[in-house]
Amino acid sequence: MTDETASHFNHPDRNLALELVRATEAAAIRAVPFIGRGDKLGADGAAVDAMRKFLGTVEFDGVVVIGEGEKDKAPMLFNGERVGTGNGPAADIAVDPIDGTSLTAAGRQNAISMLAAADRGSMLDAHTVFYMQKLVVGAEGKGVVDIRQSIGDNIREYAKAKKKDVGEVIVAVLDRPRHEELIEDIRAAGAGTRLLLDGDVAGSINAAMYGTRIDMCVGTGGSPEGVATACAIKALGGQIQGILAPKTDAEREAGAAAGLRFDYVYEADELVASDNTFFVATGVTDGSLVAGVRRLGPVIRTESIVLRSVSGTIRRVSADHLASKWL
């Protein structure tokens, strides 16, 4: 046992994520009536309302650094909104009441409700630039892969580090036209792909977790999701790198005015400067990370994953909620 581990063992403290998980559970439950109904906005609105109400009961002083909308577009949780009771630890919050609204509306797998938290002032505010090129791997890839290398080189080096054949490597990537060449390069290197319909947060976490089928998650996705994912990766001991990818000159100018850097590799400690990070996610629909909400007679069952960097813990929380309390 290291000194750091011994210190945490001898002086356990409050795990904020075990309280925050109630907010993602509530958001996921409220989204259920919209699964497969084709109403993305209805699902998101119901989830946002539930998440906001439950966050209001948590003893902390939270500020939404990464939200879904602006103040005049309520009910979205907006950047700068204060959540919690106002008492207790001060924290930055990244929220996505439903990561995968299209998946929810279509009744597809892998939709989750998620939020991340870290010490106040530690999260990179990247909302002015929507897209980010990302590379996520597990602990074996630290110091081995680099987003500046070709995908083929990264796959080969990571396979060596994991002591497996290149042909056994699975790379998760969003199934988008912009990734056609990337997907071809992955397959040309001899690796397999796991194409994601929407939301690369779950794919990234699976890439960094021990014992999953996904080895690596790459490609261009949302910048806010990249920052939230970094909170989870820090708890998992993996590696995340990101390069901002503005789509227009106006977006680049807005990012520059906000102090963001371009043609620059953001490492995990720059995406989230704190080593005290939390990440929670509850399944809305069934997926490879967590199971979706299901009704079992008189109860509603949820499954969540709860991560904390200080303790390095991964908890899976299965909860049965009396359905009569949610009517």
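## Exercises on a predicted model

Cysteine 231 has a relative accessibility of 0% and therefore counts as buried. The exercises below concern a predicted model.

**Exercise 1. Determine how many disulfides the structure holds, and account for the state of cysteine 217.**

Solution.
- Step 1. The criterion is a pair of cysteine sulfur atoms within 2.5 Å.
- Step 2. For cysteine 217, the closest cysteine sulfur belongs to cysteine 231 and lies 16 Å away, which is too far for a bond.
- Step 3. Cysteine 231 is likewise in no disulfide, the sulfur of cysteine 217 being its nearest at 16 Å.
- Step 4. The count for the structure is 0 disulfides.
- Step 5. As to solvent, cysteine 217 has 3% relative accessibility and so counts as buried; the cut-off is under 20%.

**Exercise 2. Check the span of helix α3 against the value expected for its 16 residues, then state which elements cover its buried residues.**

Solution.
- Step 1. Helix α3 comprises residues 40–55, and at 1.5 Å a residue it should span 22 Å. The expected span takes 1.5 Å times one less than the number of residues.
- Step 2. The end C-alpha atoms of α3 are 22 Å apart, in agreement with that expectation.
- Step 3. The buried residues of α3 are Gly42, Ala43, Asp44, Gly45, Ala46, Ala47, Val48, Ala50, Met51 and Leu55.
- Step 4. Their cover includes the helices α2 (17–31) and α4 (101–106), together with the strands β2 (82–83), β3 (90–99) and β4 (112–119).

**Exercise 3. Describe the surroundings of alanine 23: is this residue buried or exposed, and which residues does it contact beyond its neighbours within four places in sequence?**

Solution.
- Step 1. Alanine 23 is located in helix α2.
- Step 2. Its relative accessibility is 1%, so alanine 23 counts as buried.
- Step 3. With neighbours within four places in sequence left aside, alanine 23 is in contact with Met51, Phe54, Leu55 and Leu115. Of these contacts, Met51 and Leu55 are among the buried residues of α3.
- Step 4. Threonine 282 is 259 residues from alanine 23 in sequence, yet the C-alpha atoms of the two are 9.2 Å apart.

**Exercise 4. Characterise the second largest pocket by its volume and by the classes of residue in its lining.**

Solution.
- Step 1. The volume of this pocket is about 310 Å³.
- Step 2. The lining has 14 residues, and the closest to the pocket centre are Lys142, Lys234, Gly237, Asp269 and Asp275.
- Step 3. At least two lining residues come from each of α8 (223–236), β9 (239–244) and α10 (268–271).
- Step 4. By class, 6 lining residues are charged, 4 are polar and 4 are nonpolar.

Technical notes: Residues numbered from 1 in each chain as written. Predicted model: local features only at pLDDT ≥ 70, side-chain atom pairs only at ≥ 80, totals over all residues. Heavy atoms only, no water. Helix = DSSP H or I, 4+ residues; strand = E, 2+ residues; numbered from the N terminus. Buried < 20%, exposed > 50% of the residue type's maximum accessible area, 1.4 Å probe, protein only. Contact = heavy atoms within 4.5 Å. 1 Å grid on protein atoms, 1.4 Å probe; cavity = no way out; pocket = protein on both sides within 12 Å on 5 of 7 lines; lining within 4 Å. Points joined across faces, edges and corners; volume = space filled by probe spheres on them. Nonpolar A, V, L, I, M, F, W, Y, C, P; charged D, E, K, R; others polar.
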